[in-house]
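Student: Before I learn any terms by heart, could we look at a model together and ask how each term is justified?

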Amino acid sequence: MATKPLSMSLFPFSLPHKLRNPNPNLLQTIHLKRPILIVCKSTPQLPAEAHQTSPIAQPEVQGTGAAAPTRGELFLERHQSVAASALVLNTDKNTKKKKKKKKESISDSLRISTGVASCYGCGAPLQTLEKDLPGYVDSETYELKKKHRQLRTVLCGRCRLLSHGHMITAVGGNGGYSGGKQFVSAEELREKLSNLRDEKALIVKLVDIVDFNGSFLARVRDLTGANPIILVVTKVDLLPKGTDFDCLGDWVVEVTMKKKLNVLSVHLTSSKSLVGIAGVVTEIQKEKKGRDVYILGSANVGKSAFINALLKMMSQKDPVAAAARKYKPIQSAVPGTTLGPIQIDAFLGGKLFDTPGVHLHHRQAAVVHSEDLPVLAPKSRLRGQSFPKFQAISGIMTAGDIRLNGLTGFSLFWGGLARIDVLKALPQTCLTFYGPNSLKVHVVPTDQAEEFYQKEIGVLLTPPTGKQRADQWIGLQTERQVHIKLDDKERPACDVAISGLGWITVEPVNQSLGIAGSNDEEITEELILSVRVPKPVEVFVRSPMPVGKTGGEWYQYRELTEKEAELRPKWYF
């Protein structure tokens with residue numbers, strides 16, 4: 001009988017229990033100073049076909065069960081990888097055009113994280129090559145943070161400038177902003193949201209109450225798919241004093257239903273005063289059901305400010321949200337501050353994402369110079385400017401002219417951004433302008449309006465500000481005639497909303513003007529206005545928004561059927 005190998009005789013415990021040591025005396029002759037443990041690892045043998053078809057090793061699994069990455073994390077990593085790859089390709093093209101002396105190895109000069117490393121302020125991928133590009137960090141800081149695995153705590157150079165009040169635009173293309181550097185197009189930012197419709201997420205859609213129609217995103221379902229939507233109306237603290245929010249909430253729901261957008265609920269909020277934020281937090285916790293939450297809206301609608309207010313409210317009871325406030329998105333008056341999805345660990349069970357704003361070409365911000373953009377953002381409570389006013393303006397008109405005919409035959413300039421010609425109106429007709437308080441309204445006779453505009457554009461009529469910008473100004477190229485039927489002279493007939501600017505409330509008869517009325521036979525059945533704006537800007541005619549102390553007096557609630565009352569979304573304030 002052949003002798004067994006030494007390893008087998010030394011370690012009988014590694015053999016099947018049926019085998020016996022053929023030479024038991026051998027164990028007594030060998031003295032082991034310390035026991036030896038042998039661990040055997042079995043590796044399944046792959047078939048020959050697998051070796052031939054899969055020469056490349058498969059990536060390691062990132063986790064299963066509770067440790068598995070969420071859909072939001074995969075969505076964020078995918079988009080940041082695409083953005084980083086595009087930046088590398090653009091850098092390669094620019095480097096080839098330089099002189100041979102300045103050519104260096106891209107691997108030595110460029111440091112871009114293709115994972116989830118991005119600026120926590122704007123979402124741009126971090127890079128160390130181009131100082132003027134978003135996401136720039138000096139190489140020493142980058143390497144230090146990378147060494148300590150703290151890249152997610154880095155704020156890029158552009159965000160630092162924005163936090164100190166600098167106006168640095170970064171978006172070009174259709175819907176971008178002129179006058180500044182354009183690093184990414186509006187189409188590219190919109191493309192980053194294209195996969196959102198395939199995710200299982202809860203959408204929080206933001207709308208600016210001052211620019212309700214211009215910031216509404218009418219085709220939002222193209223981006224969100226069938227995901228549920230919570231509608232949040234921001235900046236309600238800017239509305240005139242005395243506004244009845246019961247009437248306002250009902251008005252918002254009515255307009256939303258006319259746009260055929262199904263939402264879970266409507267919330268009137270203010271990120272500055274935290275009004276209504278608690279209701280949004282409750283609704284999100286109720287409806288998210290483990291899904292990721294995406295904050296969606298047009299550019300400069302207040303998404304970052306809303307997220308900061310959301311975290312502030314949640315941090316009172318949730319330590320996770322309190323920790324997330326340390327690295328919150330940057331706030332700025334510049335449209336297009338956020339350039340990529342920003343992941344925020346705001347709560348357990350799903351993530352919170354700040355998304356790039358959807359840049360719309362039909363808003364005034366798309367035609368105004370980048371340095372004039374702060375003028376379009378109201379900073380204090382709106383004060384309506386009502387006309388006619390019985391005072392001479394620039395020596396052109398007198399109070400007697402308006403007392404006789406009202407505004408018929410006059411033109412009203414809203415800064416240099418809009419012109420309203422009153423072609424037909426009642427003597428008692430009143431126009432009230434609601435928008436940024438820094439934009440003044442000037443009234444001149446229509447036959448002198450063109451001469452006045454050419455003379456005062458850039459001087460009295462601003463924006464554009466200054467002669468140089470006035471020479472480059474595209475002018476008021478689009479004209480739209482608005483015919484307004486007078487069904488009820490005791491309440492405003494309608495609002496004429498100018499996208500990205502504000503709105504004009506048209507009151508057919510304002511008894512407070514002190515103008516003698518016409519006979520009943522002479523009262524016209526319609527008003528005719530001509531509205532002129534820059535070419536891409538849109539003009540909307542809508543039902544009047546109930547604002548101010550008088551809004552609650554004339555607003556009428558619509559009677560609802562049982563089915564309408566059941567399907568109608570609830571609103572909260």
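Tutor: What follows is a talk about salt bridges, burial, cores and a sheet.

Tutor: This is a predicted model, in which local features need pLDDT of at least 70 and side-chain atom pairs count only at pLDDT 80 or more, while totals for chains, interfaces and linings use all residues. Residues are numbered from 1 along each chain as its sequence is written, and side-chain values use heavy atoms, with hydrogens and water left out.

Student: Why is the pair R558 and E254 called a salt bridge?

Tutor: A salt bridge needs a side-chain nitrogen of Lys or Arg within 4 Å of a carboxyl oxygen of Asp or Glu. The closest N and O atoms of R558 and E254 are 3.1 Å apart, so the pair qualifies.

Student: What makes this pair a tie between distant parts of the sequence?

Tutor: R558 sits in the loop between helix 17 (548-554) and helix 18 (562-567), whereas E254 belongs to helix 10, so the pair ties together parts that are 304 residues apart in sequence. Helices here are DSSP runs of H or I with at least four residues, and strands are runs of E with at least two, numbered from the N terminus.

Student: How do you know whether R558 and E254 are buried or exposed?

Tutor: Buried means under 20% relative accessible area, exposed means over 50%, and partly exposed lies in between, with a 1.4 Å probe and protein chains only. E254 has 14% and is therefore buried, but R558 has 38% and therefore counts as partly exposed.

Student: And what are D345 and K351 called by that rule?

Tutor: D345, at 32%, counts as partly exposed, and K351, at 17%, counts as buried. Their side chains also meet in a salt bridge, at 3.0 Å from N to O.

Student: What makes a group of residues a nonpolar core?

Tutor: The group must be a set of buried Ala, Val, Leu, Ile, Met, Phe, Trp, Tyr and Cys residues joined through side-chain atoms within 4.5 Å. The largest such core has 47 residues, and W414, L431 and F433 have the most contacts inside it. A second, separate core of 43 residues includes I203, V210, L217 and A497.

Student: How do you know that strand 3 and strand 6 are paired?

Tutor: Two strands pair if DSSP finds at least two bridges between them. Six bridges join strand 3 (residues 201-208) to strand 6 (residues 292-297), so the two are paired, and they run parallel. Both belong to an open sheet of seven strands in the order 7-8-6-3-4-5-19, with mixed pairing.
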